[in-house]
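Work through the exercises below with the structure open beside you. Try each task before reading its solution.

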Amino acid sequence: MTARLVTGIGELVTHDERFAGPLGVLRDAALVVQDGVVVWVGPASAAPAADRARDLGGRAVLPGFVDSHTHLVFAGDRSDEFEARMAGAPYTGGGIERTVAATRAATDDELRARLAALVAEAHAQGTTTLEVKSGYGLDVPTEARLLRLAGEVTAETTFLGAHVVPTGVDRADYVALVVGPMLDACAPHARWADVFCEPSSPHAFDEDEARTVLTAAARAGLGLRVHGNQLGPGPGARLAVELGAASLDHGTHLTDADVAALADAAGHGGPVVTLLPGVELSTRSPFPDARRLLDAGVEVALATDCNPGTCFSTSMPLMVALGVAHLRMTTDQAVRAATLGGAHALRRDDVGHLRIGARADLCVLDAPTYRHLAYRPGVPIAHALPV
C-alpha cells in the first residue's frame with residue numbers, strides 16, 4: 001500500500017474541531033493519503049515519511065465540493081428561454097417538456113457524452129461528489145435509462161419521475177404511473193427519490209400528490225428529497241419535515257412557521273435546506289435568505305442545480321460567491337455549505353471534510369486562502385487534485 005504525502009499547504013480547511021475556527025483551518029499543513037483515504041493530518045513540520053510526496057507551494061486546500069443537486073442527464077438546448085427571461089418572461093417550469101422531448105430522442109451514447117463533459121467540467125472546478133437526478137424522461141423506459149446512465153458516474157442517483165405532469169396526461173393517471181410501474185423500474189437504479197412540489201405551478205405537484213409519491217418511494221427503500229418553496233410559499237418544507245426527507249431544495253419562499261419547523265427538526269436529523277442561488281441568478285428571482293435559516297439553527301447546503309433551463313452552470317465556486325454576495329452568508333458559512341453541508345444533505349460522512357478517515361477528495365486553490373472563492377468570483381482558481 002502506497003502512502004502519499006501532500007505538503008506545502010498554506011491553508012487547509014478540514015472541518016476538524018481540533019483545528020482553528022468554524023472550518024477547522026490548519027496553516028502550513030500536510031496530510032497523508034493511503035488507498036484513497038486520509039490517514040494523517042497535521043503541521044507540515046511534523047509530517048511522517050511517505051512513499052511519495054507532492055508539494056503544493058503554499059496553495060490553499062479544502063474538501064472537494066459536494067454538489068448535492070444536479071440534473072446532468074439531458075439533451076437539447078434552452079438558451080432561448082434564458083434570453084426570454086432576461087427580457088422579462090416569468091419562469092413557470094413549463095420548459096421542462098422541451099428537454100424531455102430532446103432527451104427521449106437522444107441515444108445513450110449522446111446522453112453519456114453530454115453527461116461525461118459536464119462531470120469533467122465540474123471536476124475541473126473542484127467538485128468531487130455529485131448527485132444526479134432523472135426527470136427528463138417522464139415515461140418508464142426513459143426514466144430508468146437516465147438513472148442507469150447517471151449511475152455510471154455517481155452513487156448519488158435520484159428518481160425524479162415526479163418532475164412535472166406531461167401535457168395531455170391526466171394528473172391522477174400520471175401519479176399512478178410514477179408510484180407504480182415507473183417506481184418499480186427505477187428504484188433498482190436510484191438511491192433517492194424527489195418530487196417537484198410547487199402548487200403555484202400548473203406543471204408541478206400539489207401536497208397530496210407529492211405525499212403519495214414520496215410515501216411510495218420510501219416504501220420502496222429510497223431516501224427522500226423535496227423540490228419545494230421555489231416559486232412561492234407552499235407545503236414543500238412541511239412535507240420534508242413530516243416525511244423525514246434528507247433535504248428541502250430551493251427553499252426560496254419560507255414562512256416563519258416553515259423555518260421554525262425546520263429548526264425544530266434540525267436537532268434530530270431533519271432536512272438540510274439546499275439553496276441553489278444559480279437559479280435565482282438565471283431567472284432574475286429573489287434570492288433566498290440563508291442567514292435567516294442559519295440563525296435559526298437550520299443546516300444549509302449550497303448546490304448548482306445544473307440543468308438546461310434555469311441554471312446551466314456546474315460551478316460550485318460561483319455558488320459560494322453568490323452565497324456570500326446575495327444570500328447574506330459569511331465566507332466561512334458558504335464554504336461549509338458547499339462541502340460539509342452538501343455531504344450532510346446526502347447523508348454522507350466520508351466526504352465534505354478532511355478529517356482522518358475521509359475520502360481523499362481535495363480541492364486545491366491557486367490562492368493562499370479559501371476566502372478567495374468569494375473574493376475573486378468568476379476566476380478559475382479551484383480544481384480537484386488527484387492524489
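**Exercise 1.** In this predicted model, determine how helix H5 and helix H6 are oriented towards each other, and describe the residues that meet between these helices.

*Solution.* Begin with the orientation: H5 and H6 are roughly parallel to each other, because angles under 35 degrees count as roughly parallel and the axes of helix H5 (residues 171-186) and helix H6 (residues 207-219) cross at roughly 10°. These axes also come within 10 Å. Next, look at the contact, where Arg171, Val175, Val178, Val179 and Leu183 of H5 meet Glu209, Thr212, Val213, Ala216 and Ala217 of H6. Sorted by character, the residues of this contact between H5 and H6 comprise seven nonpolar, one polar and two charged.

**Exercise 2.** Describe the interface of domain 1 and domain 2.

*Solution.* First locate the parts: the domain assignment gives domain 1 as 3-63 + 352-385 and domain 2 as 65-346. Taken over C-alpha atoms, the centres of domain 1 and domain 2 are separated by 30 Å, and the contact takes 19 residues from domain 1 and 19 residues from domain 2. Then turn to the area: about 1500 Å² is buried between the two domains, and carbon and sulfur atoms give 69% of this area. Finally, check for salt bridges, of which zero are found across the interface of domain 1 and domain 2.

**Exercise 3.** Which parts of the chain does the salt bridge of arginine 59 and aspartate 366 link?

*Solution.* The structure holds 26 salt bridges, and in one of them the side chains of arginine 59 and aspartate 366 meet at 3.0 Å, N to O. Arginine 59 belongs to strand E4 (residues 52-63), while aspartate 366 lies in the loop between strand E13 (362-365) and helix H13 (372-375). The pair thus links distant parts of the chain, 307 residues apart.

Definitions and conventions. Residues are numbered from 1 along each chain as its sequence is written. This is a predicted model: local features need pLDDT of at least 70, side-chain atom pairs count only at pLDDT 80 or more; totals for chains, interfaces and linings use all residues. Side-chain values use heavy atoms; hydrogens and water are left out. Axes are lines fitted to C-alpha atoms, for helices over the stretch in contact, and angles run from 0 to 180 degrees between N-to-C directions. Helices (H or I, at least four residues) and strands (E, at least two) are DSSP runs, numbered from the N terminus. Angles under 35 degrees count as roughly parallel, over 145 as roughly antiparallel, 65 to 115 as roughly perpendicular and the rest as oblique. Contact means heavy atoms within 4.5 Å. Ala, Val, Leu, Ile, Met, Phe, Trp, Tyr, Cys and Pro count as nonpolar, Asp, Glu, Lys and Arg as charged, and the others, Gly among them, as polar. Domain bounds come from an automatic or database domain assignment. Buried area is the accessible area (1.4 Å probe) that two parts lose on being put together, summed over both. A salt bridge is a side-chain nitrogen of Lys or Arg within 4 Å of a carboxyl oxygen of Asp or Glu.
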